[in-house]
Number of protein chains: 2
Amino acid sequence: MESIYIVKIGGNIIDDELLLNKFLQKFAEIQAKKILVHGGGKLATRLAEKLGIEQQMVEGRRITDAETLKIVTMVYAGYVNKNIVASLQSLQCNALGISGADGNSILSHKREKVGIDYGFAGDIDRVNTSWFVQLLLNGHTVVVSPITHDGKGQLLNTNADTIAQEIAKSLSSYFDVTLIYSFEKSGVLKDVDNETSVIEKLHLGYYKELKETEKIFAGMIPKLDNAFKAIESGVNKVIIGKGQDLDQLITGNAGTTISHE
Amino acid sequence: MESIYIVKIGGNIIDDELLLNKFLQKFAEIQAKKILVHGGGKLATRLAEKLGIEQQMVEGRRITDAETLKIVTMVYAGYVNKNIVASLQSLQCNALGISGADGNSILSHKREKVGIDYGFAGDIDRVNTSWFVQLLLNGHTVVVSPITHDGKGQLLNTNADTIAQEIAKSLSSYFDVTLIYSFEKSGVLKDVDNETSVIEKLHLGYYKELKETEKIFAGMIPKLDNAFKAIESGVNKVIIGKGQDLDQLITGNAGTTISHE
């Protein structure tokens, strides 16, 4: 099967113009089909502050009231998405920026949890796989902002990690999928305070062992559990590391590569 | 040739949720290929005011400094575009929202005019016709926000009327194009103060006669000159009227229809 790289970048890259430009250059150089999923970084928080809209967080998730939804739609699907697309176009990468409403590409529902009102936060129901395949076969690099919709006219703020994972899973019947999570560390670390202690390869047996002996940073466990779920669902590899090392993440010379064996 | 309707809506519809919803319902019901081009309305101005960014206008055009470009990118390509797309999706219309950077669809250059610095305002160089044709043939209704790019990574604020016209002209070799300009009046009026004085049909001979006898409102002349240019470039019809009358504009029961004869 043909290869595809699905790369998720977060705030640490989006908030730093120099890092972002370096990353986009490396991303544009990938000679294979590719999708970029981005979060929003601190821009949304800063704009909310300037407008005097108070931001509430519960369990690390932003509570998306109507005003905050406006802001994240403007910042993520507008400012961040279109600037990334324009940069990629200048690098001869034929980018197309979308939200999950475009082409009905990502359908979600408003999160319901007893006791907590997350507001306009979306949990994904369905990725429109054939739509992504069509765009990719037509030569597009799809740039996905973390805004989805419920099919009834409502936009919903949606976790970018989850979007990347769901797209990766949905495309795994069509492509040999590598899912890359860019974050602020060099990879999964044996010692959280030592950037040189990157675990190069991680498979399920070794991961269980590390978990049992409590040799893995607790904060990484949800990310890694999700990575193994993606692998179980047909994704070929998950790579975790710094976005600015993208070329080396792909060749296995940086970051942590998670796979079946 | 197959028909296509290219409809431009402006601030008077975008700023009024009820009008916008009524318009989108009628737009979604058009049983033919279609493209929607939207402006931004007062939302951008209001956001700029809230953020304390002073807006300068020269000859009716907004001066787009760096901060204003951020705002129009957020509001037009983000908030307005994605909300229209989500609404159309809820009406079973497979909308895809874009800026001119997406798919390298509309290439422009920074406007240069001796003595006036318009800032990041773009004048269109080229519409990527084959890209629009491909998306339309794949069943998409394209929703275009008035942000284009220069191919070198710079987004540019661009007049929505001109975008609609350039797309209409570029598609006229592939489709039988009807270009519809929605504005606040019922059509081209013989008497600017009388909404019932709509000129139903306008062709070049009659237009010249009206201009010579000064029987046409001066403010309409640039719009009409552009409409006739579009007709000369292969567009089949230009219709001018109220967006909320869209169904009747199409059947010729409302608005002014401009054509060869």
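Here are some short exercises, with worked solutions, on the predicted model shown above.

**Exercise 1. Helix α6 of chain A: length**

Task: Work out what span the 12 residues of helix α6 (residues 160–171) of chain A should have, and compare this with the distance between the end C-alpha atoms.

Solution:
- Step 1. The expected span is 1.5 Å times one less than the number of residues.
- Step 2. For the 12 residues of α6(A), this gives 16 Å.
- Step 3. In the model the end C-alpha atoms of α6(A) are 17 Å apart, which agrees with the expected span.

**Exercise 2. Helix α6 of chain A: surroundings**

Task: Find out how many residues of α6(A) are buried, and name them.

Solution:
- Step 1. A residue is buried if 20 or more other C-beta atoms lie within 10 Å of its own.
- Step 2. Going along α6(A), the residues that qualify are A:Ala160, A:Ile163, A:Ala164, A:Gln165, A:Glu166, A:Ile167, A:Ala168, A:Lys169, A:Ser170 and A:Leu171.
- Step 3. That is 10 of the 12 residues, so α6(A) is largely enclosed by the rest of the structure.

**Exercise 3. Two helix pairs around α4 of chain A**

Task: Describe how α3(A) packs on α4(A), then do the same for α2(A) and α4(A).

Solution:
- Step 1. Start with helix α3 (residues 43–50) and helix α4 (residues 66–90) of chain A: their axes are 9 Å apart and the packing angle is about 135°. That angle makes α3(A) oblique to α4(A).
- Step 2. The crossing of these two, α3(A) and α4(A), is right-handed.
- Step 3. On the α3(A) side, the contact uses A:Leu43, A:Ala44, A:Leu47 and A:Ala48. On the α4(A) side, the partners are A:Thr68, A:Ile71, A:Val72, A:Val75, A:Tyr76, A:Tyr79 and A:Val80.
- Step 4. Sorted by class, the residues of this contact are 10 nonpolar, 1 polar and no charged.
- Step 5. Now take helix α2 (residues 17–28) of chain A, whose axis comes within 10 Å of that of α4(A) and crosses it at roughly 55°. The two helices, α2(A) and α4(A), are therefore oblique to each other, and their crossing is right-handed.
- Step 6. Here A:Asn21, A:Leu24 and A:Ala28 of α2(A) meet A:Ile84, A:Ser87 and A:Leu88 of α4(A). The classes are 4 nonpolar, 2 polar and no charged residues.

**Exercise 4. A look at chain B**

Task: At what angle do α3(B) and α4(B) pack, and which residues meet?

Solution:
- Step 1. The angle between helix α3 (residues 43–50) and helix α4 (residues 66–90) of chain B is about 135°, and the axes are 9 Å apart. This makes α3(B) oblique to α4(B).
- Step 2. The handedness of the crossing of α3(B) and α4(B) is right-handed.
- Step 3. From α3(B) come B:Leu43, B:Ala44, B:Leu47 and B:Ala48, and they meet B:Thr68, B:Ile71, B:Val72, B:Val75, B:Tyr76, B:Tyr79 and B:Val80 in α4(B).
- Step 4. The contact of α3(B) with α4(B) holds 10 nonpolar, 1 polar and no charged residues.

**Exercise 5. Where the chains touch**

Task: Count the residues of chain A that are in contact with chain B, and say which element of chain A gives the most.

Solution:
- Step 1. The contact joins 34 residues of chain A to 34 residues of chain B.
- Step 2. Elements of chain A that each supply at least two residues to this side are α4, β5 (95–98) and β9 (147–149).
- Step 3. The most comes from α4(A), with 14 residues.
- Step 4. The side of chain A that touches chain B divides into 11 nonpolar, 18 polar and 5 charged residues.

**Exercise 6. Following one residue, A:Leu155**

Task: Is A:Leu155 buried or exposed, and what is A:Leu155 in contact with?

Solution:
- Step 1. A:Leu155 belongs to strand β10 (residues 155–157) of chain A.
- Step 2. A:Leu155 is buried, because 27 other C-beta atoms lie within 10 Å.
- Step 3. Beyond its neighbours within four places in sequence, A:Leu155 is in contact with residues of chain A including A:Leu69, A:Thr73 and A:Ala101, and with B:Lys82, B:Asn83 and B:Ala86 of chain B.
- Step 4. A:Thr73 is 82 residues away along the chain, yet its C-alpha atom and that of A:Leu155 are separated by 8.2 Å.

**Exercise 7. Two loop residues with positive phi**

Task: Where do A:Gln92 and B:Glu214 lie?

Solution:
- Step 1. A:Gln92 sits in the loop between α4 and β5 of chain A. Its phi is near 60°, a positive value in a residue other than glycine, and A:Gln92 counts as exposed with 10 C-beta neighbours inside 10 Å.
- Step 2. B:Glu214 is in the loop between α7 (204–212) and α8 (221–232) of chain B. Phi of B:Glu214 is near 55°, again positive in a residue other than glycine, and B:Glu214 is exposed, with 8 other C-beta atoms within 10 Å.

Definitions and conventions. Residues are numbered from 1 along each chain as its sequence is written. Chains are lettered from A and ligands numbered from 1 in the order in which they are written. This is a predicted model: local features need pLDDT of at least 70, side-chain atom pairs count only at pLDDT 80 or more; totals for chains, interfaces and linings use all residues. Helices (H or I, at least four residues) and strands (E, at least two) are DSSP runs, numbered from the N terminus. Axes are lines fitted to C-alpha atoms, for helices over the stretch in contact, and angles run from 0 to 180 degrees between N-to-C directions. Angles under 35 degrees count as roughly parallel, over 145 as roughly antiparallel, 65 to 115 as roughly perpendicular and the rest as oblique. A crossing is left-handed if the near helix is turned anticlockwise from the far one by less than a right angle, and right-handed if clockwise. Two residues are in contact if their C-beta atoms, placed from the backbone, lie within 7 Å. Ala, Val, Leu, Ile, Met, Phe, Trp, Tyr, Cys and Pro count as nonpolar, Asp, Glu, Lys and Arg as charged, and the others, Gly among them, as polar.
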